[in-house]
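Welcome, and thank you for taking a look at this one with me. Please have the sequence and the 3D view open side by side as you read.

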Amino acid sequence: TYSFLLPGAGQLYNESYITSAIFFVVEIAAIIYATKYDAKGNNQTKKFQKYADENWSPVKYARFTVNNIARILAITNPSKNPDDLEVYKVFNSDGSLNWYHLNRIESEIGGYYSHRLALPGEQQYYEMIGKYAQFNPGWKEFPDTLFFKYGDPLTSQFLYYAKMRGKANDFYSIASTFVKIIVTNHFLSALEAAYGSYLYNKNYRLYLTLEPENTLSISDVAYKTKLNFSLKF
C-alpha cells in the first residue's frame, strides 16, 4: 500500500534503501518530464491555433465553395444539380457565414468534401483545416481567382500548419509515455514491496494456542489462550 501510493515507500519499510531510491527517482523524473512535455504541447497548441486564426478564414473557404459549386459537383457528385443546393443561404443578408447551411452544402457535395467544418475554437476545427485538402482554399495564400480542380497543390501555409500541429502531438505523445511510466512505476513498486515484505517478515511468526492449565483434579481441567512469538535467524 505504501509503495502503491508513493513508489519506494514500501521499500523503506523493508529496509531496501537502494531499491527504494530507484523507484522514487523514477517517479520524480517521470513526473518532471510528463509535466514538461505537456506544457510544451500546450504552448505549441497556442502557437498553431494563433497561426490558424491569422491565416485561415472560414469565410474564404465558404466563398470558394459557393463560387465553384458547379465545378466541384461535376467532379465529386455529377448527379447533383447545383441549383438545388441553394448555395445563397450559406451567407446571411449581412454577409456573415451561416454555419448550418455551410455544413448542409458540404454534406450534399460529399466525395471530396468528406468533412463538415467544425465551429471555430473546437479541437476538430483546428485539426481539420490542416489535415484535409478540402480546406486548403481557406488559407490566406490560396489564390482567390483559382478555380476548383481535384488535386490542387496544397499551399505552403497548409503544410507548415500541419507540421506545427504534428509537433504539438509529438510533445503530447511523449508526455503520455511518461504518464504511463508513472502508473507502471506505482504497480511495479507495489509488487516488489509486497514480495519484499514477505521475505522481510517470513522469519517472524505470531500465533495463538489453547493450552491446559495445571489443576488439582483431572476432571476439572481449565484451558487458557497463549500468544506465541518466534523469530528465526
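The numbered points below go from the overall build to single residues and pairs.

1. A word on the overall build. Please keep in mind that this is a predicted model. The protein has 8 helices and 2 strands. If you follow the chain from its N terminus, you pass through the helices before you reach the strands, in the order α-α-α-α-α-α-α-α-β-β.

2. Inside and outside. Of the 233 residues in the protein, 35% are buried. The accessible surface is about 14,600 Å², and carbon and sulfur atoms account for 59% of that surface. Taking contacts between residues at least 6 apart in sequence, 58% link residues at least 24 apart.

3. Helix H4 is a good place to start looking inside. This helix covers residues 58-67, and its buried residues are Pro58, Lys60, Tyr61, Ala62, Phe64 and Thr65. What covers them? Among the covering elements are helix H5 (69-76), helix H6 (99-109) and helix H7 (123-128). At the N-terminal end of H4, Ser57 acts as a cap, with a side-chain oxygen 3.3 Å from the backbone nitrogen of Val59.

4. Now turn to the surface, where a nonpolar patch of about 920 Å² can be found. The patch is made by Phe4, Leu5, Leu6, Phe24, Ile28, Ile32, Tyr33, Val179, Val183 and Phe187. Which helix gives the most to this patch? That is H3, with 4 residues. Helix H1 (2-5), helix H3 (17-55) and helix H8 (156-201) each provide at least two of the patch residues.

5. Two residues are worth a click here. Leu5, a member of the patch, sits in helix H1 and is classed as exposed because its relative accessibility is 63%, where exposed means over 50%. Ile174 belongs to helix H8 and is partly exposed, at 34% relative accessible area. The C-alpha atom of Ile174 lies 8.5 Å from that of Tyr33, although 141 residues separate the two along the chain.

6. How many salt bridges does a search of the whole structure find? There are 4. One of them pairs Glu54 with Lys50, with 2.6 Å between the closest N and O atoms. These two residues are 4 apart in helix H3, so about one helical turn lies between them. It helps to recall that an α-helix has 3.6 residues a turn, so residues three or four places apart point the same way. Glu54 is partly exposed at 45% relative accessibility, whereas Lys50 is exposed at 51%.

7. Another salt bridge joins Lys80 and Glu108, whose closest N and O atoms are 2.5 Å apart. Lys80 is in the loop between H5 and H6 while Glu108 is in helix H6, so this pair ties together parts of the chain 28 residues apart in sequence. Both partners are partly exposed: Lys80 has a relative accessible area of 31%, and Glu108 has 26%.

8. Lastly, have a look at Glu86, in the loop between H5 and H6. What is the sign of phi at Glu86, positive or negative? Phi is positive, near 50°, in a residue other than glycine. The side chain of Glu86 also meets that of Lys89 in a salt bridge, at 3.3 Å from N to O. Glu86 is partly exposed at 30% relative accessibility, and Lys89 is partly exposed with a relative accessible area of 29%.

Methods. Residues numbered from 1 in each chain as written. Predicted model: local features only at pLDDT ≥ 70, side-chain atom pairs only at ≥ 80, totals over all residues. Heavy atoms only, no water. Buried < 20%, exposed > 50% of the residue type's maximum accessible area, 1.4 Å probe, protein only. Contact = heavy atoms within 4.5 Å. Polar contact = N/O pair within 3.5 Å; in protein donor to acceptor, adjacent residues only side chain to side chain. Areas by Shrake-Rupley, 256 points an atom, 1.4 Å probe, with all protein chains shown as cover. Patch = residues over 30% accessible without salt bridge, like charges linked within 9 Å, V, L, I, M, F, W, Y side chains within 5 Å.
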